[in-house]
Amino acid sequence: MPELLLRLVVMALGRTGMGAGMGERIAAASYRAAVAGLCLVLGGLALFAALVCAGVGVWLFAASQIGSVGASVVVAGTLLVVGLALMITARHVLRRKPAPPPTEAATESPLLQEAAQLFKAHKATMLLAALIAGIVAETAQRRK
């Protein structure tokens with residue numbers, strides 16, 4: 001969930017752009033992220049309450065059919081199946097690794113190999129050049 005909230009903030013900041021009034025935009029994006037987080041929490045609570053109500057309904061129905069002990073077993077079994085399905089889904093999502101980038105084809109380029117060697121040899125200079133290029137690009141975008 002923290003990752004989702006962080007993504008929401010980054011998306012909101014990306015939509016606002018850069019420029020004057022950045023503090024107001026960050027505050028607005030933070031507010032939207034907080035509201036989205038609150039909605040997620042309240043939605044989770046509502047979903048939990050709905051599941052509890054469904055469990056009570058199944059128990060009441062099963063109790064009239066097979067007795068209170070059988071109803072408890074039916075509800076417990078249903079919750080067990082749902083819980084196991086959710087755990088297996090979470091395990092699958094966490095184990096899935098993103099596809100590796102196609103580095104084999106890209107690293108065969110002599111220009112890219114030369115750039116990588118240049119970066120390794122002059123790391124500080126290259127980072128400073130990237131910083132200056134970013135500042136120049138931002139300044140040029142502001143003047144438009």
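Begin with the whole chain selected: of the 144 residues of the protein, 6% count as buried, where buried means under 20% relative accessible area, exposed over 50% and partly exposed in between, with a 1.4 Å probe and protein chains only. This is a predicted model, in which local features need pLDDT of at least 70 and side-chain atom pairs count only at pLDDT 80 or more, while totals for chains, interfaces and linings use all residues. Residues are numbered from 1 along each chain as its sequence is written, and side-chain values use heavy atoms, with hydrogens and water left out.

Keep the whole chain in view and show its surface, which comes to about 11,900 Å² of accessible area (Shrake-Rupley method, 1.4 Å probe; for residues, only the protein chains shown count as cover), with 73% of that surface belonging to carbon and sulfur atoms.

Switch next to a cartoon, where the protein shows 6 helices and 0 strands, these being DSSP runs numbered from the N terminus (H or I of at least four residues for helices, E of at least two for strands).

Now select residues 110–121, helix α5, whose 12 residues reach 16 Å from first C-alpha to last, close to the 16 Å expected at 1.5 Å a residue, the expected span being 1.5 Å times one less than the number of residues. Colour α5 by accessibility and the helix proves hardly covered, since the count of buried residues among its 12 residues is 0.

Finish at residues 22–66, helix α2, and pick out Leu 60 within that helix. Leu 60 is exposed, with a relative accessible area of 52%.
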